[in-house]
Amino acid sequence: MIRIRQLKLKIDHTEEDLEKKIQHTLHLKPGQCVSYIIRKQSLDARKKPDLFYTYTVDVEVSREASILQKNKNKDICKAEWKEYSYPQEGTEPLIHRPVVIGCGPAGMFCTYMLAELGYRPILLERGADVDNRCQDVEHFWKTGELDTRSNVQFGEGGAGTFSDGKLNTLVKDPMGRNHKVLEIFVANGASEEILYRNKPHIGTDVLAKVVKNMRKKILANGGNVHFYSQVTDFTFENGKITGLTVTDTRDRKEYRLDAETIVLAIGHSARDTFQVLNDKQVPMEAKAFAVGIRMEHPQEMIDLAQYGQKRENHLPAADYKLTAQLESGRSGYTFCMCPGGYVVNASSEKEMLAVNGMSYHDRSGENANSAVIITVRPEDFPGEDVLAGVEFQRNLEHRAYEAAGGKIPVQQFADFCKNETSTAFGEVKPQMRGLYELANVRNIFPEFISHDLEETIHKFDCKIPGYARKDAIVSGVESRTSSPVRILRDQSLQSEIRGLYPCGEGAGYAGGITSAAMDGIKVAEKIVQKYHPFDRQQ
Ligand code: FAD
């Protein structure tokens, strides 16, 4: 195949326009049939308001060599595509079925791969299946009654289920795992567009269907998935994992499961499980993460800034990604920006309050929201304990809970700067899932954080005019940006406790849906390379 890069087309172009452009670029005869695969599509807004889509395509043609010879050009070359290749099976026999803890992207993709390759994994998830979970979360958002077993952090699909479903990642992976993750999403109900869009996005409504389909495939391939099954203890012998205790979160009944291979894909919110692991002296360390607020602006304002014009029908709701270097030496940045989205109450513990952002597939909400966050390091935490970062998060979340009596505290940005409780909204109205109330969000933070957040937002105003507008909505606290700990692992991806595989975001090896899923695949590969498939033994 021949690869063509930098094919520019107007934003309202048709499929036929793209085909013609390919024929013209390769000097093919008019009408000569072209078959092609889009590898990448990105929106070029550098010369706004003139907007273009830029494509990279791989084209199937006869007489490829002579066409390449005729079209010597830096943007035309022989196409190279690295397909993901499955790992070679290992030789060691498995005595017990591999166990994966956590049905977030890391655990789900790890289980999916192991099941596909015949290892009959058992997936344990403390929260509910996605249908029950959606009801639990809706109930919480409407009434404020939190179910600590099943919520925005815990349950089928993990933290990513109620999300914007952005699938881009900065992780470079020459093995093709990134594309493999997207292919698995498509095979389970996501749109094919995610395979080539520069910034692929699914949306919470589609994600819920996809994770359910993935579960069905795991079951069809001989795996098991148990919900309401919280791992509450681990047993080790001679430096090796030998099993775990599972507690049914509905009736608190316990049972033991023997296993010599356990994947720990517990996410960044499993604070009680971090405590158990720390008590058991599983090697882990405190790590830096970031905290801050969520900021809402009218989507129209963001569209205008990014596109230089009002958004037309064929354009997606505009996004942004901003960073600022601060006088304090820290950096401030945006995180998990949700175009046309909603701010959600993403709490998982009683008397604590954490926010995050989500959107539906069509991103048609009135506001754009994004976290604006500042890095905090272990020296900012209270004490030197490995779990001091968890304590730091809990303190902020408790203050956020108290700030508005358990509702999401919201404030106009002008009042955040004045350190005053807001008494009304301006033109921007909160778009939220969860009860909210006017309060003083600034008060949640120690002054060094509030000060840096204010400076960050003013700096962003130079990049997106209106970012620091008086009536922009600030809410808090955005505290679950990444894991406060790293659970150490070596090159075999095992902990010093052999057979224990720390995986995904909670263990400190991923940040976001796609990178967590890629890490899940990476861990599955290590297990496959070591062991025989389970069902072909004896
Ligand atoms: P998790 O998804 O956190 O999954 C861990 C799972 O383990 C959970 O289901 C939990 O219930 C389970 N578990 C924990 N402890 C136990 C135990 N002891 N026993 C049994 N089960 C246990 N990322 C993006 O890339 N794009 C986005 O648009 C995006 N939006 C987000 C929006 C929201 C509201 C939230 C909360 C997060 C968002 N993220 C987004 C972040 C993303 O969801 C995470 O990076 C990702 O889910 C991490 O995957 P994981 O599998 O490592 O952990």
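Just under the hood of this predicted model, buried residues make up 47% of the 538 residues in the protein chain; buried here means 20 or more other C-beta atoms within 10 Å of the residue's own, exposed means 12 or fewer, and partly exposed falls in between, with C-beta atoms placed from the backbone. Residues are numbered from 1 along each chain as its sequence is written. Because the model is predicted, local features need pLDDT of at least 70 and side-chain atom pairs count only at pLDDT 80 or more, while totals for chains, interfaces and linings use all residues.

As for the overall fold, the chain has twelve helices and 24 strands, taken as DSSP runs (H or I, at least four residues, for helices; E, at least two, for strands) and numbered from the N terminus. The radius of gyration is 24 Å, close to the 24 Å given by the globule rule for 538 residues, so the chain is as compact as a globular protein of that length. That radius is taken over C-alpha atoms, and the rule is 2.2 Å times the number of residues to the power 0.38. Contacts (C-beta atoms, placed from the backbone, within 7 Å) lean long-range: of those with a separation of 6 or more, 71% join residues 24 or more positions apart.

An automatic or database assignment splits the chain into domain 1 (2-78), domain 2 (99-285 + 483-536) and domain 3 (288-478). The C-alpha centres of domain 1 and domain 2 sit 39 Å apart. Domains 2 and 3 both give residues to the shell around the ligand, so the ligand lies between them.

That shell holds 44 residues, with Gly102, Gly104, Gly158, Gly267 and Gly504 coming nearest; the criterion is a C-beta atom, placed from the backbone, within 6 Å of the molecule. By class there are 20 nonpolar, 19 polar and five charged residues, with Gly counted as polar. Helix H3 (105-116), strand S8 (229-237), strand S17 (355-358) and helix H12 (513-530) each supply at least two shell residues.

Then there is the packing. The largest nonpolar core (buried Ala, Val, Leu, Ile, Met, Phe, Trp, Tyr and Cys joined through C-beta atoms within 7 Å) has 133 residues, and Ile101, Phe109 and Cys110 are among those touching the most other members. H12 contributes the largest share, nine residues, and domains 2 and 3 each give at least three. A second, separate core of six residues includes Ile2, Tyr55, Val57 and Val59.

Definitions and conventions. Two residues are in contact if their C-beta atoms, placed from the backbone, lie within 7 Å.
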